[in-house]
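Q: Here's one for a quick definitions check. Can we go through what the labels on this model rest on?

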Amino acid sequence: MADDPSPTLDTLLQEGRSFPPPPDFAARANCRDPEVYARAEADPEAWWASWAEKLQWDRPWDTICKWTPPRARWFLGGRLNASVQCLDRHVEAGHGTRTAFLWEGEPGDTRRLSYEEMLRETCRIANALKELGIGRGDRVTLYMPMVPELAMTVLACARIGAIFSVVFAGFSAASLRDRIQDQEARLLVTADGCWRRGRVLDLKAVADEAVAECPSVEKVLVLRRGQGVETASAGSARDVAWEEIVPRQAPECPPESMEAEDPLFILYTSGTTGKPKGIWHCTGGYMTGVYATSQLVFDLKPEEDVFWCTADIGWITGHSYIVFGPMANGVTQVMYEGAPNHPGPDRFWEIVEKYGVTVFYTAPTAIRAFMKWGDEHPAGHDLSSLRLLGTVGEPINPEAWIWYHQHIGGGRCPIVDTWWQTETGGIMITPLPGLTETVPGSATLPFPGVGAAVVDEAGKEVETGGGYLVLTRPWPHMLRGIWGDPERYEATYWKRFPGRYFPGDGARRDERGRFWILGRVDDVMNVSGHRLSTMEIESALVDHPAVAEAAVIGVHHELKGQAPVGFVILRQGFEPGEELAQELIQHVGRLIGGLARPERILFTPELPKTRSGKIMRRLLRDIAEGRVLGDVTTLADPGVLDQLARMARERESEEA
Ligand code: WT7
């Protein structure tokens, strides 16, 4: 893992190019004062409280932070409503007519929604939810396309104190079912269809399949987005049509006054076991963190900016940097429903030009795809409105960073490489665009008030060099737990280095104290910026009748960063072959979702295991990536290794 020097990193350090904030950007930046770090460091609680004070509270807090490791509670005694921060506050301040969303549907339909309209629609939905019997503390699952109603429904749940959980629309029926069951949701909100690359996917059919095994679900609220395209499923008694219940509601709905520590949402993410974890976030601390980071990292100026975060609201990035952070700041945003290359590879740049996007936030995997599609696509559009660029989701390779800087940023826009995760709720390690000198590949420094360090195996801090990334003190927007499994919270994040939070990433610090995130050091892979568990995919493979045993690893992939590869031992009576390999790949897609589909399947008579019976995943990775093999003396049967290596070589020569 991080102990051995990463070749990519060495190249980076040798390159030594650095990019100070452009003077004209720095002169106008929201954060221009280098003292901000020292001030936050001297009293992190006071620093975070200074941000919380900028929100609208129904009742002030009594205690800023109560830290009983590993549990932190923030702003105790305080009461507020998250939707008020995003909507009412701006309307009351006279900014109701400001555009909240410039929405672009995949087939080219557009909508523009002001903050006032967002508030009214959110209230209507909130009232509809109430009519459906939903109230404070109830769980509501959302399985929807990227339409404004998704953001509104999220806010409507927050308004009435219901705990929402968004499931990315690319997940399978089984994944949706598991999540609904885990949180015992009473309501599912979905749509009749979802546009993807010119086709309408039947979201409702997937939802129906999931709900068939979810006795907790009393009603399914169905938005119309299929545009008249017939859905395979007929309505059932459980279904409620959006247009029959929402439009007739009153456009006002008094917000529930929530305790700062009340749960706001649950979002599932993959861990090292087969079962995804329901990460839950609270109201007060989460709102404080996403509000502060949006303002300082993205330098948002509500009067002038058009912010575009390309993530789906189904991921944490969309929760924190489409819905809650930017909306709490009252900024105008672009929301786009579809694929980046539909109908053509310049769709994103067309949108940037059309709406005058000023701040753009995307993932390295997308940047690598744009590079591959060709420089002419961004070059064909006027991107001069852009002033700041961001990336998130995985380490960015220097080539992609430089390309992004040149071809999208025109050489003038600072780039913020932001490290964080579902659990941290908001950005943790990042440049501040008006202050921090950036270097391609480094997320640079902890956000003011955030404590981060790199430690060795024994937990001793490494001043310069590689090791494990840890967070050394609580922060307001940290996860409050794993839904329904309090012990797992402690075991997952706080056991490895007692007293410190372990995110699962390796990192390195350079002589200037900058952090370089090296990627996961556990059995979690990062495919196109999405987190996948090797165990989860293994379980899906073993679920197939032909499979006796399976091992999954993430191998390097030019575009996706990593891609899953499955090593499979077949049951007796089944023959290896391309057809079966394809069937297994589809099987994983059906069970988890398209994004988990293995890149390829390698059939093997045996798997390399340690004497204690653990699958040697690292060895499999070396084989699949064609690297020279390291120390294999712990292999139970070295013969297996030869066979695997030979197979991998044959495979390669076939492809060459
Ligand atoms: C994992 C978290 C945060 C929203 C998207 C992913 C990796 C994230 C970076 C970055 C290097 C990064 C880490 C992290 N990651 N951002 N800027 N540089 N790695 O959220 O699904 O919870 O995944 O993504 O490995 O642990 P997530």
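Q: What makes up the shell around the ligand, by class?
A: The shell has six nonpolar, seven polar and five charged residues. Ala, Val, Leu, Ile, Met, Phe, Trp, Tyr, Cys and Pro count as nonpolar, Asp, Glu, Lys and Arg as charged, and the others, Gly among them, as polar. This is a predicted model, where local features need pLDDT of at least 70 and side-chain atom pairs pLDDT 80 or more, while totals for chains, interfaces and linings use all residues. Residues are numbered from 1 along each chain as its sequence is written, and side-chain values use heavy atoms, leaving out hydrogens and water.

Q: Which residues come nearest to the ligand?
A: Of the 18 around it, Asp417, Thr418, Thr422, Asp505 and Arg531 do; being near takes a heavy atom within 4 Å.

Q: Why is the ligand's pairing with Thr418 called a polar contact?
A: A ligand nitrogen is 2.8 Å from a polar backbone atom of Thr418, and the cut-off is a pair of N or O atoms within 3.5 Å, so the pair qualifies. The backbone of Glu394 has a polar atom 3.3 Å from a ligand nitrogen, and a side-chain N or O atom of Gln421 sits 3.0 Å from a ligand oxygen.

Q: How much of the ligand does the protein cover?
A: It covers 95% of the 560 Å² of accessible area the ligand has on its own, by the Shrake-Rupley method with a 1.4 Å probe.

Key: A polar contact is a pair of N or O atoms within 3.5 Å; within protein, one must be able to donate a hydrogen and the other to accept it, and residues adjacent in sequence count only if both atoms are side-chain atoms.
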